[in-house]
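Biologist: I would like to go through some side chains and their surroundings with you, one question at a time. Please reason each answer through before you settle on a value or a name.

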Amino acid sequence: MQHCQNTVYATDLHCCDCGEALEQKRQMHTVEELNPDLLAEVKHYSPQACTITGVVKSMYYYKRRYKTNNDDMLYGYWWLEVEDKHGQIHEFSVDAEKEVIANLQKGNVITAFQPSPLTLNYRIANNDAIKVVKNNRFMPIVIVHFADQQYRSWDSSINRVYTGGTVLWLVLGFITFLVMLFAAKLEFVPALLATLPVAIGVFIAEHKYHKKAKAKKEAHYDAILAATDVMLSTSQNQLGYHMLARLPSKSDVICISCQQRISKDAAHCYCCGVKQHVEPVASVLADDEQSTENQTVSAERKAESHLVKPTTIADLEHAIMGEYSLDYKTNYVHKNVWARNEKGTIRHRAVLGKVLDKAQSAHANETRETVTTTETTTTYRGGNYVGTDVTERVQVYRNRSTTLKGEIMLETASGEPYIFKAGEDLLGSVDVGDWVYYAYSDVETQRYSKYFREYAVNVSKDIKYDYSSVKRFGMVHGFNRMVMLGLTSIGLAWYLDPQDLYPLVNALVPDAGIELLDQYPQVVEHLDGFPVVVFIVLSVVTGLWGFMYSLANGTRLKRSVKKLESTITKFSKEYGNILERIKKLN
């Protein structure tokens, strides 16, 4: 679709060439509109079957838990907000552990297919997700549409396996036999003969029922499969979503009228229709020979100021990013009492950027543990042994965990992308295009490497995340040595006699001290406890020494991170203003 030889997008309200209001809009379609009989066969078996075609507007990762005495199972899901062609938002969950869904991103065009109503019954695992997830609706089949190919995610709950079996005839036959035997007072053989027709009749009827039910289940599955194959053959271009909106560009500018983001080469705003590219008016005319030199200089300065002023979206974005970004390193020495000092550096960085891309994958791990318990019961009657019963009980304990791992790429003020491994909380709630403020401290010493997330917030969604501080950094050295010294001192005290220590005391203690000890025979009698006393004194001294070192280390860490904390504080105070500036750019 074109107007004035320019391509018209679905979100355009005016022609970007002439500014004329567009009466005819580009049409988008659903898979059912392109194939009116798509679900006819499926609805024959499940009238409530439905599809949703639209654009992913938001994604949120969360978990559900199934817990019993023997089982503790976690399952990962994406909570999606999908906007259809009418602007209506549909909210539902999909399986996050499927490979296709794991790489799903905001802006992708999908068709969610629910052959029959399905809900998730397991409880949501964390309180934060309870505030976001609004229903238990589950979409088992998801088609992701691209220009050249489509991908499908298929949940195992949709299958052709029929689990019904013929057991009712046996139950009713047994009940009939009991009725004939006890209520009708028949003998065993007559009662059995009277039961056989009932059991055979029920068996035949039940067999026919399950045969039809099995055929119906398989036919329903085949209809679902056929409908899904049609969806898989429907491209993004056929749906009309390939021209939904212009892709953001670094050269985009702000409309001089409605302040919306538009292309730099657009003659008119395709949102409000106002003409762009307003040139500065020079106060000097070429044919006016009477103009003064001051007027010429003034006009040149106005033109220069117009040219220098940042007008592109990229310039405005980078200006905001640079204002709150920071990157520096400090040398650090961590003092230890029982080990050599650790020398290294601490890198502090704060990045305000926009998410360019993210790579993510969900990993599930399930374990089974079989526990066999044996109980032995011995029976006596009248004091005489009767027998022993051995009961063996087997229990299976299942445990399942699921985690989301991946990386996020941020656009930064320098133009160089910043890629980092994000935590599950951040990775699961951020979308491409979101603005994120991320600050961290990275300690690197000769033997240690420690990472601290100092601050993290999704500015676009106003979500703040947990953080930790490098001020808590510490290392434990010499603990094993202290334990060995303590055990050695106790061993010596147990092994040695007081007389064994007399030569050592005579060599270390001056004569005046020996005379003083002679006045306290109770001390001399317990000289074997001397190693323990030495260990206690040494522990107290090193404890005080370590406390002083701890204070010194803490002071160095606080001094190192102070500049980063000042930048974070500035960002926090101006958060509301930053959010408004970012909204104008989007």
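Biologist: Is Asp425 buried, partly exposed or exposed?
Modeller: In this predicted model, the relative accessible area decides the class, and buried would require a value under 20% while exposed would require one over 50%. Asp425 has a relative accessibility of 33%, so the class that applies to Asp425 is partly exposed.

Biologist: Which residue does the side chain of Arg453 meet in a salt bridge?
Modeller: Arg453 can supply a side-chain nitrogen, and the partner has to offer a carboxyl oxygen within 4 Å. The N to O distance in this pair is 2.8 Å, and a polar contact between the two side chains is also listed at 2.8 Å. The partner of Arg453 is Asp425.

Biologist: How many residues apart in sequence are the parts that Arg453 and Asp425 tie together?
Modeller: Arg453 belongs to strand β17, which covers residues 449-458, whereas Asp425 belongs to helix α10, residues 424-427. The salt bridge between Arg453 and Asp425 therefore ties a strand to a helix, and the separation of these parts in sequence is 28 residues.

Biologist: Is Arg453 buried or exposed, and what is its relative accessible area?
Modeller: Leaving aside residues up to four places away in sequence, Arg453 touches a set of residues that includes Leu426, Tyr438, Tyr440, Tyr465 and Tyr467. Arg453 counts as buried because its relative accessible area lies under the 20% limit. The value for Arg453 is 13%.

Biologist: Which residue joins Glu97 and Glu366 into one network of salt bridges?
Modeller: Glu97 meets its partner at 2.6 Å, N to O, and Glu366 meets its own at 3.8 Å, N to O. Salt bridges that share partners make one network of Glu97, Glu366 and a third residue, and the residue that takes part in both pairs is Arg400.

Biologist: How many residues apart in sequence are the parts that Arg400 and Glu97 tie together?
Modeller: The side chains of Arg400 and Glu97 meet in a salt bridge. Arg400 lies in strand β14 (residues 384-411), while Glu97 lies in the loop between β5 (89-95) and α3 (99-102), so the pair ties together parts whose separation in sequence is 303 residues.

Biologist: What are the accessibility classes of Glu97, Glu366 and Arg400?
Modeller: Glu97, at 21% relative accessibility, counts as partly exposed, and Glu366, at 38%, counts as partly exposed. Arg400 has a relative accessibility of 11%, which is under the 20% limit, so the class of Arg400 is buried.

Biologist: In which helix does Ile175 lie, a residue of the nonpolar surface patch?
Modeller: The patch has an area of about 710 Å² and includes Leu168, Phe174, Ile175 and Phe182. Ile175 is partly exposed at 45% relative accessibility, which satisfies the patch requirement of over 30%. The helix that holds Ile175 spans residues 168-183 and is α5.

Biologist: What is the value of phi near Asp462?
Modeller: Asp462 sits in the loop between β17 and β18 (463-464) and is partly exposed, with a relative accessible area of 49%. Its phi is positive in a residue other than glycine, and the value is near 55°.

How values were computed. Residues numbered from 1 in each chain as written. Predicted model: local features only at pLDDT ≥ 70, side-chain atom pairs only at ≥ 80, totals over all residues. Heavy atoms only, no water. Helix = DSSP H or I, 4+ residues; strand = E, 2+ residues; numbered from the N terminus. Buried < 20%, exposed > 50% of the residue type's maximum accessible area, 1.4 Å probe, protein only. Polar contact = N/O pair within 3.5 Å; in protein donor to acceptor, adjacent residues only side chain to side chain. Contact = heavy atoms within 4.5 Å. Patch = residues over 30% accessible without salt bridge, like charges linked within 9 Å, V, L, I, M, F, W, Y side chains within 5 Å. Areas by Shrake-Rupley, 256 points an atom, 1.4 Å probe, with all protein chains shown as cover.
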